[in-house]
Amino acid sequence: LQEKIGSGLKRIRRDDWGTLPATELQARLRRLCERGLLEQKRGLLKQTRMASRIQRAYRIYLARRHWRLFRLRLLILQCAIRCHRARHVPRMLREDEMPEQGRTYVMFHGTSPESAALIEQNGFQPSSGGLLGPGVYVSRDVRKAQMYSRRAAGGLKASKGVVLEVEVELGRVCKIDDHPEMVPKGWTESPWHDASPPYDSAWVSKDCPSTVFSGAHAGLGIVEEDCVWDREKVKVVRRAEWDTDVADITSIQWMFEEDEERLSVHSNENDEEVSGRWVSFSKENSFYIESHYRIHLRGTGKAVVRTHIEEERKRFNQHTGYEYDIDFVHMKQTNVTTRYQRRLRRIDTRWDACIVIQRNWRAHLRRKMASRIQRAYRIHFLRRRRRRVRELALKLQGAIRCRQARHVPR
């Protein structure tokens, strides 16, 4: 078709139609129309335009359809992500809620500051025995963890310990209320784990009667607790409660060395103590570092631990991050991102007043010694000047006598 149209156009261009009369021009156009060249070209143009319109409309249809499918798939994906998060993101259990197998839950574990530091470094170590047998004991009730933390801190009602917030994968749970035969008869027995198939954890609910399980009714009367057999199923998240009233720990203040041009920013804040070029850590971080420092001195802890500085306490270079490595051997802190180091200092505030008195007394002695040296120098200088004056006076007197002996008549 293109060859025919091309030959017809060539033929039209070859003839000089401008010199033909109107009748001859109409006759030639009629013959071309009879040959079908012009109609075919016109039909081809119409088909091309229609095809382009159909193609554009189809593309718009496909785009809209694809966009609808994309939005539908996006909604399905969002719903799947929400369902996945709702299933796998750890959450807290209600007091009477039965845990689901394969899910992770948030619970609490109470212990002493030194034991909390060991757990944070090396993970949980299962107990050799207990009311539910060997394993890691946790509770969904924070009051139960607080009771154990007080007991681990020294057994005093006024003392406080550390409550760790943990993520626990309970697995297959044995509810002691429904299986009284699974209660251990001895301190080191665990019939619920020795069952076939074995249970991964044992749970005592808050409504468990004392005839079934009476061991947890002491203290505050909080019955609920869980025992997990595998220690790898329990992960530490953070310290939910970290404060204590033990003077040996609360009196310790950790400080880092700051640049002189930055001290004015720290000194303007009420929650930060500045002593010379040393700026104090927060109370929480000082407690955290001190607990790890104590187990390092005992030889059971690591020499380098990582801590997280609060965002509101870092005044400069927030883009370098908030994590630091604390080196107890060289007494330095290192930025995890930039590896920039600063010196550390450990101060016992109970002896801070004595240190100030001793420092002032030393300064007083230095000033007193300086005044004595200055007075001695002045005396030496005066004696030297007097000696010089006497020598000059003797010389002058000798000169006068010689002059008198020379010029006086005799």
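**Exercise 1. The surface patch**

Which residues form a nonpolar patch on the surface, and how much accessible area do they have together?

*Solution.* The model under study is predicted. The patch consists of Trp-67, Phe-70, Leu-74, Leu-77 and Ile-81, and their accessible area together is about 490 Å². Next, one member is placed in its element: Phe-70 belongs to helix α3, which covers residues 37-88. The last step classifies this residue. Buried means under 20% relative accessible area and exposed means over 50%, with partly exposed in between. Phe-70 has a relative accessibility of 47% and therefore counts as partly exposed.

For the spacing along a helix, a general rule applies: an α-helix has 3.6 residues a turn, so residues three or four places apart point the same way.

**Exercise 2. The sheet that contains β2**

Determine the strand order of the open sheet that includes β2, and trace its pairings from one edge to the other.

*Solution.* Step one is the order, which reads β1-β2-β4-β8, with mixed pairing. The edge strands are β1 and β8 (234-241), each of which pairs on one side only.

Step two takes the pairings in turn.

- β1 (residues 91-92) and β2 are parallel and share two bridges; Met-92 has Val-106 of β2 as its bridge partner.
- β2 and β4 (residues 162-169) run antiparallel and are joined by eight bridges; here Met-107 stands opposite Val-166 of β4.
- β4 and β8 are also joined in the antiparallel sense, by six bridges; the partner of Glu-165 in β8 is Arg-238.

Step three adds the helix. α4 packs on this sheet and touches β2, β4 and β8, and its direction makes about 140 degrees with that of β8.

**Exercise 3. Burial in β2 and α4**

Why is strand β2 described as largely enclosed by the rest of the structure?

*Solution.* The strand comprises residues 104-111, and eight of the eight are buried, so β2 is largely enclosed by the rest of the structure. The two faces can then be separated. Thr-104, Val-106, Phe-108 and Gly-110 point one way, Tyr-105, Met-107, His-109 and Thr-111 point the other way, and all are buried.

For helix α4 (residues 113-122), the buried residues are Pro-113, Glu-114, Ala-116, Ala-117, Ile-119 and Gln-121. Gly-123 follows this helix and has a positive phi, near 85 degrees.

**Exercise 4. The second sheet and a loop residue**

Describe the open sheet that contains β6 and β7, then establish whether Ser-205 is buried or exposed.

*Solution.* The strands of this sheet are ordered β3-β7-β6-β5, and the pairing is mixed. β3 (136-138) and β5 (173-175) are the edge strands, each pairing on one side only. On average, neighbouring strands are turned by 20 degrees against each other, direction ignored.

Within the sheet, β6 (residues 201-204) and β7 (residues 225-228) are antiparallel and pair over four bridges. In one of these pairings, Val-204 has Glu-225 of β7 as its bridge partner.

Ser-205 is located in the loop between β6 and β7. Its relative accessibility is 5%, so Ser-205 counts as buried. Apart from neighbours within four places in sequence, Ser-205 is in contact with Lys-175, Asp-177, Val-223 and Glu-224.

**Exercise 5. The protein as a whole**

How many helices and strands are there, and what share of the residues is buried?

*Solution.* The protein has ten helices and 15 strands. Of its 410 residues, 33% are buried. The exposed area is about 27,400 Å², of which carbon and sulfur atoms supply 53%. Finally, among contacts between residues at least 6 apart in sequence, 66% join residues at least 24 apart.

Note on methods:
Residues numbered from 1 in each chain as written. Predicted model: local features only at pLDDT ≥ 70, side-chain atom pairs only at ≥ 80, totals over all residues. Heavy atoms only, no water. Pairing = 2+ DSSP bridges. Axes fitted to C-alpha atoms, helices over the stretch in contact; angles between N-to-C directions. Patch = residues over 30% accessible without salt bridge, like charges linked within 9 Å, V, L, I, M, F, W, Y side chains within 5 Å. Areas by Shrake-Rupley, 256 points an atom, 1.4 Å probe, with all protein chains shown as cover. Salt bridge = Lys/Arg side-chain N within 4 Å of Asp/Glu carboxyl O. Buried < 20%, exposed > 50% of the residue type's maximum accessible area, 1.4 Å probe, protein only. Contact = heavy atoms within 4.5 Å.
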